[in-house]
Amino acid sequence: MGKAAGFTLGELAAALHATLVGDPGRNVTGVAPLDAAGPDDISFLIDPRYGAAAKRSRAGAFLVGPDVSALPGPMLRVAAPQQALIDLLALFHPAPPLTPGIAPSAIVAPDARVDATASIGPLVVVESGAVVGAAVRIHALAFVGRGAEIGGGSILHPRVVVCAGVKLGRGVIVHPGAVIGADGFGYAFDGQVHRKIPQVGGVIIEDDVEIGANTTIDRATLGQTVIRRGTKIDNLVQIAHNVEIGAHSIIVAQVGVSGSSRIGRNVVLAGQVGIADHLTVGDGALILAQSGIARNVEPGERLLGTPARAVVQSKRIWVVQEQLPAMARRLRAAERRLQRLEGQLGIAAPEPPRPETADDER
Amino acid sequence: MGKAAGFTLGELAAALHATLVGDPGRNVTGVAPLDAAGPDDISFLIDPRYGAAAKRSRAGAFLVGPDVSALPGPMLRVAAPQQALIDLLALFHPAPPLTPGIAPSAIVAPDARVDATASIGPLVVVESGAVVGAAVRIHALAFVGRGAEIGGGSILHPRVVVCAGVKLGRGVIVHPGAVIGADGFGYAFDGQVHRKIPQVGGVIIEDDVEIGANTTIDRATLGQTVIRRGTKIDNLVQIAHNVEIGAHSIIVAQVGVSGSSRIGRNVVLAGQVGIADHLTVGDGALILAQSGIARNVEPGERLLGTPARAVVQSKRIWVVQEQLPAMARRLRAAERRLQRLEGQLGIAAPEPPRPETADDER
Amino acid sequence: MGKAAGFTLGELAAALHATLVGDPGRNVTGVAPLDAAGPDDISFLIDPRYGAAAKRSRAGAFLVGPDVSALPGPMLRVAAPQQALIDLLALFHPAPPLTPGIAPSAIVAPDARVDATASIGPLVVVESGAVVGAAVRIHALAFVGRGAEIGGGSILHPRVVVCAGVKLGRGVIVHPGAVIGADGFGYAFDGQVHRKIPQVGGVIIEDDVEIGANTTIDRATLGQTVIRRGTKIDNLVQIAHNVEIGAHSIIVAQVGVSGSSRIGRNVVLAGQVGIADHLTVGDGALILAQSGIARNVEPGERLLGTPARAVVQSKRIWVVQEQLPAMARRLRAAERRLQRLEGQLGIAAPEPPRPETADDER
C-alpha cells in the first residue's frame with residue numbers, strides 16, 4: 001500500500017527535519033523493519049537493543065537517533081526518532097483521499113445534517129436528527145443513531161454502531177464493530193424479577209479519542225459516560241455506564257471498567273485489567289496486566305495482581321510463594337524441634353494454636 | 001430525550017402511588033441525579049449514604065423512601081423508591097413509538113413470517129423461514145437467519161446477529177453486535193489436524209432475557225444452549241455450546257462460561273469470571289469478579305479468587321499474603337535460634353527438611 | 001435441520017467403514033446424545049464414562065469404539081469413534097447447497113474479482129481490488145475491504161469484517177462479528193499527546209483456520225500478523241499487531257495475545273489467558289485457563305496461574321495457601337516458644353528480623 005515512486009533521502013531529510021549522512025539523491029520506496037528491509041527500503045533504529053540487527057540489515061537507509069553511528073548505509077539523524085518514524089510512515093502511507101458524498105446505497109434520514117465534505121459509505125445508516133461534521137469518513141455498514149453527533153475529521157470504520165444521542169468530538173477514530181451507547185447494565189430486583197432501569201443518559205467522546213474493534217462503551221443511566229480528550233482504547237474493552245476516563249489515558253485490550261468508576265488522566269490500564277464499580281483511579285496510575293482493582297487508587301500508584309498491590313510488593317510475594325510448600329515443611333520441622341527442646345528442658349508444651357479448621361468458618 | 005412538557009407532582013404522585021409532601025401543581029420536566037438536578041428536575045434519594053448530597057441538591061422535587069424527611073423541596077414518598085424510579089424514568093423517557101412495517105431497504109425472504117405489527121428497520125436481513133412476532137422491533141443492519149424465531153415484543157438493536165434456527169422468547173432485548181448461535185468451539189484431533197465437529201444444535205433464549213453488546217452465545221453441538229427466563233447478560237460475555245443458565249441470573253461483562261456447564265437460577269457471576277467446562281454452579285451462588293471456577297459450586301456458595309475459595313477465606317489469605325516475605329525471614333530466624341539452642345544443649349541437628357528443589361519435580 | 005428420510009444402518013456402516021452389529025435395513029433419521037435419543041436416532045458412546053447412560057439409552061442404534069459391547073441396540077463399531085461421529089454428523093447435516101452468484105443488494109466494486117462459483121449474500125460490501133476465490137460463501141452484511149483476498153472454499157459468516165489488504169487462505173471459516181485487520185494499538189507519547197503510529201502492515205490467515213465470533217485480529221504495524229494453517233480461534237479473542245501463531249494451535253475464548261508475541265504450533269491457550277508482548281511460547285505448550293504469561297515459555301511447558309508456574313507447582317502452592325492463616329499463627333506461637341526457651345537458658349534474644357514495613361518501600 002506504499003507510494004511506488006518513493007522519495008529521495010534529500011526529500012525525506014527535509015520533510016523530517018533530519019540530518020542526512022549519505023547521498024541525498026538516493027531513492028527509497030518503502031519503510032520496513034531492520035530484518036525485512038531491502039536496498040530500496042528505509043529502516044529505523046529506535047531501541048538501542050536492536051543495534052546488532054541494524055548492523056546486519058540490508059536496508060538502503062536508516063532513520064536513527066542522535067547517538068547512532070557506523071550503520072551500513074546512509075543515515076537520517078533526528079532528535080526523536082520514534083516521532084519521526086510516525087511522520088515517515090505517514091509519508092509513505094498517506095490516508096486514502098476523501099471522496100465527499102453519500103453512497104447511493106446508504107440510508108440517510110432526510111433531517112440528518114451531513115456536512116458536504118463528509119464521506120458516507122455504502123449501506124451506512126444515519127438516522128433522524130444525526131449530525132455528521134466536516135471531512136468525516138463513515139465506512140460501509142456503520143450505523144449512526146437518532147440525534148447522534150460525529151465531530152469533524154472523525155472516522156467510523158466499517159460496521160461501527162454509534163447509538164442514539166451519542167456525541168463524538170473531532171478527530172475521533174472508531175474501529176470496526178465497536179458499539180458506543182448501548183444500554184448500561186442496570187436492574188432492580190423486585191423480589192421476583194430483575195426490572196430494567198431505563199438507561200436514558202448519553203455518551204460523550206472527546207476529541208482525538210481512538211476506540212478499538214468490538215469495544216463497548218455504554219450510555220449512562222442518567223448523565224453521561226465520558227471519555228476525555230486524547231485517550232486511546234484498544235479492542236474488546238468494556239466501559240460501563242457513567243464511567244469517566246480522563247484525558248490521554250491508555251486502556252489496553254480486554255480491560256473492563258465497572259459502572260460509575262472514574263479513571264484519571266494519563267492512566268495506563270494494561271490488558272485484561274478489571275476495575276470494580278464506583279472507584280477512583282488517580283491521575284498517572286499504572287495498573288499492570290490482569291490486575292483486579294477493588295479499592296481506590298492514588299495518583300501515580302503502580303499496581304499489580306489480584307488483589308492489586310504495589311508492583312514491587314506483588315513481585316516479592318510471588319517470589320516467596322514459590323517457597324511456600326517448603327516453608328510449610330520447615331515450619332512443621334521447627335515445631336518438632338521446639339517440642340524436643342521443651343521436653344529436654346521439662347517445659348510444659350504450650351497451648352496449641354487454634355486448629356486450621358477454624359479458618360473455614362464463615 | 002425527555003418529555004418537554006413534563007408532569008405536575010400531583011400527576012407523578014398518582015402514577016407512582018406516592019404520598020406527596022408539597023405542592024401538587026408544581027411542574028417538573030426531567031429526572032436527574034442529586035448533584036446535577038436543577039429546579040425543573042425531580043431527583044431521588046434511594047441510598048441513605050447520599051443524604052447529605054440530597055440536602056445540598058437544587059432539585060425541584062425528590063422521590064424518597066419511607067424514612068426520609070427534611071429535604072429542601074417537595075417529596076414523593078414511596079415504599080420502594082428504586083422500583084418507583086424505574087416507573088419515573090419510563091414516564092419521562094417513553095419508548096419511541098413503534099412504526100409497524102418493513103423498511104424498503106430491508107431484505108426479507110418471501111417465506112419469512114413477519115407479524116404485521118412488527119417493525120423491521122433499514123438494511124435488515126431476515127432469511128427464509130424465519131418468524132418475527134408481534135410488536136417486535138428489529139433495528140438497522142440486524143440479521144435473522146434461516147428459520148430463526150423472534151418472540152413477541154422483543155427488540156433486536158442495530159447489527160445484532162441471530163443465526164439460523166435460534167429461538168428467542170417474548171420480550172427479549174439484544175444489544176448491538178451480539179451474536180447468538182455461532183458455531184460452538186469443537187474439534188477432534190486426528191493426529192494431524194483439528195477436524196471440526198459439526199455444530200448442529202440450537203440456542204433457546206427464554207422470555208425477558210437481555211443480552212449485552214458484542215456478547216456471543218454459541219449454538220449447541222447437539223441439543224440446545226439455553227438461557228432461561230429473566231436472566232440478564234452484560235456486554236462481551238462468552239457463553240459456550242451446550243451451556244444452560246437458569247432463570248433470573250446476572251452475568252456481568254466479560255464473563256466466560258465454558259462448554260456444557262450448567263449455571264443455576266438467581267446466580268450472580270461478576271465481571272471477568274471464568275467458568276470451566278462441564279461444571280455445575282448451584283442456584284443462588286455468587287461468584288465475585290475475576291474468579292476462576294474449576295469445580296462444582298454448591299447452591300448459595302459465595303466464592304472469590306483463583307482458585308476460587310469462600311469469600312472470607314480468600315480475603316483472609318490475601319491479608320496474610322502481605323506478610324509472606326516477613327514470614328519467610330522470621331522462619332529463617334527461628335531456624336537459626338533453634339540451631340543455637342540445640343547447640344547449647346548438645347542436641348544433634350535434626351535431619352533437614354527436603355530441599356526446596358524437590359518441589360519442582362513434575 | 002436433519003435429513004428427514006435418514007439412512008439405513010447398512011448405508012451408515014458403508015459410509016463410516018464401520019462393522020455393523022445388527023439389522024442393516026433398520027432406518028435412523030437423526031443423531032442425538034444418549035439421554036435425548038429416541039428409537040429413530042443413532043447415538044454414540046465415545047467416552048467410556050458414559051457407559052451406564054448408554055445402557056439406559058432409548059437410541060435406535062449406537063456408534064461405538066472397539067471395546068464396547070452389550071448395548072441395548074444395534075452397534076456401528078469403528079476404530080476411531082470420535083472421528084466417525086464427525087462424518088456421521090456431516091451425513092445428517094450436510095452444508096446447505098452453494099448458490100453461486102452475487103445478491104442484487106450486495107455492493108461489489110467493479111474491479112473486485114469474484115469467482116463465478118462464489119456466493120455473495122445480501123447487503124455484502126466487497127471493495128475495490130478485492131479477490132474472492134472459488135466456492136467462497138460470504139454471508140449477509142459482511143465486509144471485504146480494498147484489496148483483501150478470500151481463498152477458495154472459505155466462509156465469511158454474517159457481518160464479518162475483513163479489512164483492506166488482509167489475506168485469507170483456503171477453507172478459512174470466520175464467524176459473525178469477527179474483525180480481521182483493524183489497526184494495531186500503537187502510539188508514541190510526544191510529551192503532550194499519544195501520537196498514532198500508522199499501522200500499515202497486514203494480516204495473513206493461512207488455510208483451514210477458524211476464527212470465532214466477535215474475535216479481533218489486528219493488522220501489523222509493519223510486516224504481517226500471521227495465523228498459521230489449521231489453527232482454531234474461539235470467540236472474543238484478541239490477537240494484537242505483529243503476533244504470529246503457529247499451525248494447529250487452539251486459542252480458547254477471551255484469550256488476549258499482546259503485540260509481537262510468537263505462539264508456537266500445537267499450542268493450547270485455554271480461556272481468558274493473557275500473553276504479554278514480545279514473548280515466545282514454544283511448540284506444544286499448554287497454558288491453562290486465566291493464566292498470565294509474562295515470560296517466554298519453553299516448548300511443551302504446562303503452565304497455570306498468575307504468575308504462571310508449572311501446573312503441579314501452582315496447584316501445590318494453592319493447597320498450601322489454604323493453610324497460610326494457620327501458618328502465620330503457628331509461626332507466632334513458635335517464636336513465643338523460642339523466647340521462653342531462650343529466657344530459660346539465659347540466651348540473649350536475637351536481633352529481630354527487619355520489620356514488615358521494610359517490605360513496603362519501593
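Two strands pair if DSSP finds at least two bridges between them. Helices (H or I, at least four residues) and strands (E, at least two) are DSSP runs, numbered from the N terminus. The model toured here is predicted: local features need pLDDT of at least 70, side-chain atom pairs count only at pLDDT 80 or more, and totals for chains, interfaces and linings use all residues. Residues are numbered from 1 along each chain as its sequence is written, and chains are lettered from A and ligands numbered from 1 in the order in which they are written.

**Stop 1: strands in chain C**

Select residues 179-182 of chain C, which form strand β21. On one side, β21(C) pairs in the parallel sense with β18(C), residues 161-162, over two bridges. Within that pairing, C:Val161 stands opposite C:Val179. Now add residues 216-218 of chain C, strand β26. β21(C) and β26(C) also pair in the parallel sense, over three bridges. To find one of the bridge partners, pick C:Ala182 and look across to C:Asp218 in β26(C).

**Stop 2: the strands in chain B**

Move to chain B and select β18 (residues 161-162) and β21 (residues 179-182), which run parallel and are joined by two bridges. Here B:Val162 stands opposite B:Ile180 in β21(B). Extend the selection to β26(B), residues 216-218, which pairs with β21(B) in the parallel sense over three bridges. B:Val179 has B:Thr216 of β26(B) as its bridge partner.

**Stop 3: chain C laid on chain B**

Show chains B and C together. A turn of 120 degrees and a shift of 0.0 Å along the axis lay chain C on chain B with an RMSD of 0.1 Å. The two copies are therefore related as by a three-fold rotation axis. The superposition is by least squares on the C-alpha atoms of residues with pLDDT of at least 70 in both copies.

**Stop 4: where chain C meets chain B**

How many residues does each of chains C and B bring to their contact? Chain C brings 63 and chain B brings 58, where two residues are in contact if their C-beta atoms, placed from the backbone, lie within 7 Å. On the chain C side, colour α3 (81-92), α4 (311-321) and α5 (324-344), each of which supplies at least two residues. α5(C) gives the most, with nine residues. By class, the chain C side divides into 34 nonpolar, 18 polar and 11 charged residues. Ala, Val, Leu, Ile, Met, Phe, Trp, Tyr, Cys and Pro count as nonpolar, Asp, Glu, Lys and Arg as charged, and the others, Gly among them, as polar.

**Stop 5: where chain A meets chain C**

Select the 63 residues of chain A that are in contact with 58 residues of chain C. α3 (81-92), α4 (311-322) and α5 (324-345) of chain A give two or more residues each to this side. The largest share, 10 residues, comes from α5(A).

**Stop 6: a helix pair between chains A and B**

Select α4(A) and α5(B), residues 324-344 of chain B. Their axes come within 8 Å and cross at roughly 45 degrees; axes are lines fitted to C-alpha atoms, for helices over the stretch in contact, and angles run from 0 to 180 degrees between N-to-C directions. α4(A) and α5(B) are therefore oblique to each other. Angles under 35 degrees count as roughly parallel, over 145 as roughly antiparallel, 65 to 115 as roughly perpendicular and the rest as oblique. Show A:Arg316, A:Ile317, A:Val320 and A:Gln321 against B:Leu324, B:Pro325 and B:Ala328, which make the contact.
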